[in-house]
Amino acid sequence: MKCEVRNGIYWVGAIDWNMRDFHGYDTPKGTSYNAYLIVDEKVALVDTVKGGFSEEMFMGIREHVDPSKIDYVIVNHLEKDHSGALEDVMAVAKNAKVYCSTRARAGLVDKYGERWPMTAVKTGDTLKLGKKTLRFIEVPMVHWPDSMFTYAEEDKVLLSNDAFGQHIATSQRFEDQVRANIMYDARAYYANILMPLSSIIAGTLEKLPALNLSPDIIAPSHGLIWRRDPGRIVNAYTAWSSFRPKEEAVIAYSTMWGLTDMMARLIAFGIMDEGVDVRLYDLHESTLASVMTDLLEARAVIVGSSTQNNIMLHGTAELMAYLKGLRPKNKIAAAFGAYGWAGGAVKEIDDGLRAIGLETVEPLAFKHIMTTLSEDDKKKCIEFGRSIARRIKGGQA
Ligand SMILES: Cc1cc2nc3c(=O)[nH]c(=O)nc-3n(C[C@H](O)[C@H](O)[C@H](O)COP(=O)(O)O)c2cc1C
């Protein structure tokens with residue numbers, strides 16, 4: 001498949017239509033591994049693909065050059081979905097030299113030894129290919145300590161590796177060619193992979209103007225390339241990394257016999273009554289990834305579970321572990337749920353939300369052995385939702 005990104009810069013990646021779980025994050029739409037070939041007097045390959053997809057990448061490369069003619073392989077990131085085919089490339093491109101960050105070099109030496117000539121580069125270092133210049137920008141922890149961007153200076157193409165990506169497999173390569181709203185997929189990717197790195201990402205974004213980067217095209221290592229107004233995705237990252245919230249709430253809960261579900265629905269009514277958007281997820285029916293995608297922009301997260309054997313149900317426990325790792329910030333948080341005798345789940349959730357550092361409100365728990373709520377309890381649920389919504393809007397709870 002031929003795809004020119006701009007002036008001799010080609011997409012030569014692979015499409016993984018069937019990828020459904022990416023290091024534990026649900027990827028219902030699959031993904032792509034984007035490698036880029038830059039053809040000038042010298043030929044550079046920026047990133048490779050996941051192991052097992054080498055032939056698809058070589059087919060793309062052969063559309064433009066004989067793979068043995070590759071002079072440089074730029075490793076923007078060590079992770080196996082990008083460097084998995086490096087060994088295959090180096091076996092064919094016998095004279096190629098590897099360029100990567102110092103940390104990536106250490107990782108490559110660890111795995112492969114000093115098998116190939118490898119040059120460690122730092123921010124501002126350049127590599128001349130002829131008319132084209134590649135500039136390297138280290139971006140540690142966007143996504144791993146070794147991560148790096150490569151900027152094709154004259155063509156204003158930023159090869160951003162894991163930043164600005166989306167997990168989606170499509171027959172098109174550019175975002176402007178796709179009818180679906182890719183911003184949702186970009187948000188899902190950010191929420192489930194990059195959220196815990198937000199303060200570092202915010203700091204990196206602040207530094208970019210001083211580096212004099214003004215990309216016309218942002219070409220990430222997963223999903224579609226941003227060609228139409230790439231500022232949109234940069235602005236979205238600025239908002240996401242600073243946890244700038246919208247007036248929205250997410251309710252996520254688990255239930256055995258439906259009482260906690262009833263509470264959740266009534267809390268949602270209260271939130272809606274105040275004119276605030278809410279989304280509700282039964283955690284035994286929903287993916288954690290979809291919850292996190294909405295939670296990223298929501299001002300409030302309301303987590304529920306009934307008590308089973310003194311603790312929360314496993315669906316909620318999984319969410320709490322997921323939240324702990326992804327470390328959301330700037331959120332109002334509340335716990336709720338039903339129990340039959342001594343309870344335990346709601347306190348456990350409340351303690352967990354506090355430990356994450358969220359702004360918790362007084363939890364709501366009802367003791368009911370039978371799955372029904374009194375009229376008074378129903379009113380309490382609605383008022384619980386209303387008070388959270390008022391807080392979301394910045395007024396008094
Ligand atoms: C298998 C099982 C174990 C339970 N364990 C506890 C428990 O340890 N402590 C408690 O207070 N209630 C316990 N309950 C009672 C439920 O928490 C109670 O019925 C609650 O109202 C159910 O809410 P739900 O319909 O949202 O699941 C248990 C119920 C079941 C079915």
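This passage describes the nonpolar core, a buried helix and the ligand surroundings of a predicted model.

The largest nonpolar core comprises 125 residues. Within this core, the residues with the most contacts are Y36, V73, A249, I251 and I267. Helix α8 gives the most to the core, contributing 8 residues. Both domains take part, as at least three core residues are drawn from each of domain 1 (4-241) and domain 2 (246-390). The surroundings of Y36 were examined further. When residues up to four places away in sequence are not counted, Y36 touches V5, I9, Y10, W11 and V12, together with V46, D47, L159 and A219.

Helix α9, spanning residues 288-295, is mostly covered, with 7 of its 8 residues buried. These buried residues are L288, A289, V291, M292, T293, D294 and L295. The elements covering the buried residues of α9 include the helices α5 (182-194) and α10 (314-326). Also included in this cover are the strands β5 (25-26), β17 (246-254), β18 (277-282) and β19 (298-305).

The ligand is surrounded by 20 residues, of which M256, W257, T260, S306 and G340 come nearest. By class, this shell holds 12 polar and 8 nonpolar residues, and no charged residues. At least two shell residues are supplied by each of α8 (259-273), β20 (307-308) and β22 (332-339). Helix α8 thus recurs in two settings: this helix gives the most to the largest nonpolar core, and α8 also supplies at least two residues of the shell around the ligand.

Note on methods. Residues numbered from 1 in each chain as written. Predicted model: local features only at pLDDT ≥ 70, side-chain atom pairs only at ≥ 80, totals over all residues. Near = placed C-beta within 6 Å. Helix = DSSP H or I, 4+ residues; strand = E, 2+ residues; numbered from the N terminus. Nonpolar A, V, L, I, M, F, W, Y, C, P; charged D, E, K, R; others polar. Buried ≥ 20, exposed ≤ 12 C-beta atoms within 10 Å, placed from the backbone. Contact = placed C-beta atoms within 7 Å. Core = buried A, V, L, I, M, F, W, Y, C linked by C-beta atoms within 7 Å. Domains from an automatic or database assignment.
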